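Shall we learn to read a structure together, one feature at a time? Have a look at the view below before we start.

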Amino acid sequence: MTSARIWRTVIAIPLFLSANSAAAEDGYALWLRHPATSVGQINVKRLGDSETMRIAEAELRRDLAAPTQPIVLALATMPAVKAMRLPFEGLGDEGYLVRTVAIDGQRVTLVAGNSDRGVLYGTFALIRHLATGGSGDAIDLRSAPKVRLRVLNHWDNLDESVERGYAGQSIWDWWTLPDFRDPRYTDYARANASIGINGTVLNNVNAKAESLTAPYIAKAAALADIFRPWGIRVYLSVKFSAPIELGGLKTADPRDPAVAAWWKAKADEIYRTIPDFGGFLVKANSEGQPGPRDYGASHADGANMLAAAVRDHGGIVMWRAFVYAETDPEDRAKQAYTEFKPLDGKFADNVLVQVKNGAIDFQPREPFHPLFGAMPRTPLMIEFQITKEYLGFATHLAYLGPLFTETLDAKTGRKPGETVADVVDGQAEHHSLSGMAGVANIGRDRDWSGSTFNQANWYAFGRLAWDPDLSAEAIARAWAKQTFGNDPQVVDTVTTMMMGSREAVVDYTGALGLAHLVATSHHYGPGPWVADLARPEWNPVYYHRADATGIGFDRTATGSNAVSQYAGPAAKAFAKADTTPESLLLWFHHVPWNRRMANGRTLWGDLVAHYDQGVAYVAGMQRQWDGLKSKIDEERWQKTATYLAIQNREARCWRDASLAYWMAVNHLPLPAGVRPPEHDLPWYKAQQFPLAPGQAH
Ligand code: GCW
């Protein structure tokens, strides 16, 4: 088609308000809200036809206010686009170029990519650009994802509960699938595509073998069909003992040819129904899950056997390094490294090892995992927890952007300047496979994530998976604009509230490198006194080691020597209390309560000040939010205000319970003028929350 003809066929289509867009905002639209007012005419011309291209066109018609100039959606290979000699190299099959160009003397916004997925991502980039106040003229956006697999991990069970889920039941209605294709599945795909997520692991890593039976494969296939045009592949978590449970074999030993053959046949069966199936995610030999170690085989033996089963189909295996064993008396923070470091170079080339951001377990703050500086020959995926198991469930406002970037920006110490992000995006060792996984915070709640502000954590994960070098603040600001509009007072206030909110959680739950002080099993609320659980590393006292003279876990050479697992300058810095950042002090060192801190306070005085600072931050967020009442729609404002009040009450409880406990241990008075805990320690110990949400079962 000549470019002149293109212009004759551009159709001007009026964009009507959809039926429900006048309804109150309930958060369902996430950051992809319709324009609030009638938008008149929008010119979109789509060159080329595929379901993905049609989706891109529909998105523009649905989400854009009248643009200043017509929009052309096209593939880079189309003659009209080729002739423009635009910089498509290096954009790969997912990158996009959105640019104001002239066609036949007319200025148009070209949205193009080497594939239709690139066009779709470009479409969402344009929508974001305009929704965040970007000019409609002289547009020049060009981007390709730095990370190849950008994947959500759903810890969703087949009974529709969600482990560590705080936003209602699973969005997968397994029971009515594959027949009923809830329109919500499409909205889920759309939201993910809008932030660049291209994969989803449908079921919990604590997997049931049943997810690999024919009926469940058919259910997963129905979801895969819905997600495909949005550029999203499905993956499944698998239980390592499935050949025994489903196949009737006597063993699941990965070195047994019958076991390998069972997995191969199972993979073939899956690929017959889901031809672009992504592959498997595996939690093995951890927290009671079966694995290759049960047979004396290694994690590499297990991973490679599964990798062989999916390899001919182009599938991959994500093998988790979150491994610790009740039989191992070693510091829990060291066990994954001890197990995996010797396996570097032994994994098949379609295996990624998936490593949590820190060495323990998604705490409000952890130092980066030492494995990121230790396995150059293996593609390492990073795993973040978007759902807030340890950061206040759904009710606390805690923006995780700064938590994610703190880890991504950390220097591994292995090569000068090398960051965790360089390892994760594969640049450091030129791995072609790279990935980032986020444990989803999505459920059947109307607002998807349990609160409006939790949506920001899903959004931030996607944006950082696309580009781990983005700043947490820029992401917060963009999210605020897309979510609440461009009023500068709203955007500034919301961004300010968000940026300090994670640090506030650190402060009121236990600052200075303390970790895992939570109540048992549901992990809701404080439990620093818990000392009676079967496995030592399940007890908070294992982590804080507080006594009358001091507090903290000695992980230096005089203690567990976990610092030796870090490379070069990182190991050196963490080895001494004086060179360890104070925010991580008690993670690496056992120090006296009267240690002098940089600000002149004693450690005890500083810890108390952090608790108060955390509580005060929440009160500050309440005041800031109150100031926005007239500027935010009623429903979202009210729910957030109520949740902030819950957070205030719970932050005070965390502070008071913790102080009551520390004082019982160190027998120190509170600094002058500090408010004493509201209740005594036995009162806090007596609080029980057996029905708190999200528990494993
Ligand atoms: O943080 C712990 C959670 C478990 C979870 C485990 C894991 C899925 O408390 O619920 O199990 O991590 O990451 O495997």
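What follows is a short dialogue about a predicted model.

Q: Where does Lys388 sit, and is it buried or exposed?
A: Buried means under 20% relative accessible area. Lys388 is placed in the loop between β13 (380-385) and α11 (401-408), and it is buried.

Q: What is the nearest side chain of opposite charge to Lys388, and how far away is it?
A: A salt bridge needs a side-chain nitrogen of Lys or Arg within 4 Å of a carboxyl oxygen of Asp or Glu. For Lys388 the nearest candidate, Glu650, is 9.6 Å away, so Lys388 has no salt bridge.

Q: What, then, lies around the side chain of Lys388?
A: A polar atom of that side chain is 3.0 Å from the backbone oxygen of His396. Lys388 also touches several other residues, among them Tyr166, Phe393, Asn454 and Asn457.

Q: How should I read backbone angles?
A: Most residues other than glycine have a negative phi, and most peptide bonds are trans. In this model, Phe393 has a positive phi of about 55°; Phe393 lies in the loop between β13 and α11 and is buried at 6% relative accessibility. His516 also has a positive phi, near 55°. His516 belongs to the loop between α15 (488-509) and α16 (540-544) and is buried, at 7% relative accessible area.

Q: Which peptide bond is cis?
A: The bond from Leu177 to Pro178 is cis, with omega near 0°. Pro178 is in the loop between β7 (149-153) and α5 (183-194).

Q: How many cavities of 30 Å³ or more are there?
A: The whole structure has 11 of them, and the largest holds about 140 Å³ of space. It is lined by 16 residues, and those closest to its centre include Pro364 and Thr509.

Terms used:
Residues numbered from 1 in each chain as written. Predicted model: local features only at pLDDT ≥ 70, side-chain atom pairs only at ≥ 80, totals over all residues. Heavy atoms only, no water. Helix = DSSP H or I, 4+ residues; strand = E, 2+ residues; numbered from the N terminus. Buried < 20%, exposed > 50% of the residue type's maximum accessible area, 1.4 Å probe, protein only. Lys, Arg positive; Asp, Glu negative; His and termini not counted. Polar contact = N/O pair within 3.5 Å; in protein donor to acceptor, adjacent residues only side chain to side chain. Contact = heavy atoms within 4.5 Å. 1 Å grid on protein atoms, 1.4 Å probe; cavity = no way out; pocket = protein on both sides within 12 Å on 5 of 7 lines; lining within 4 Å. Points joined across faces, edges and corners; volume = space filled by probe spheres on them. Lists of a residue's contacts leave out its neighbours within four places in sequence.
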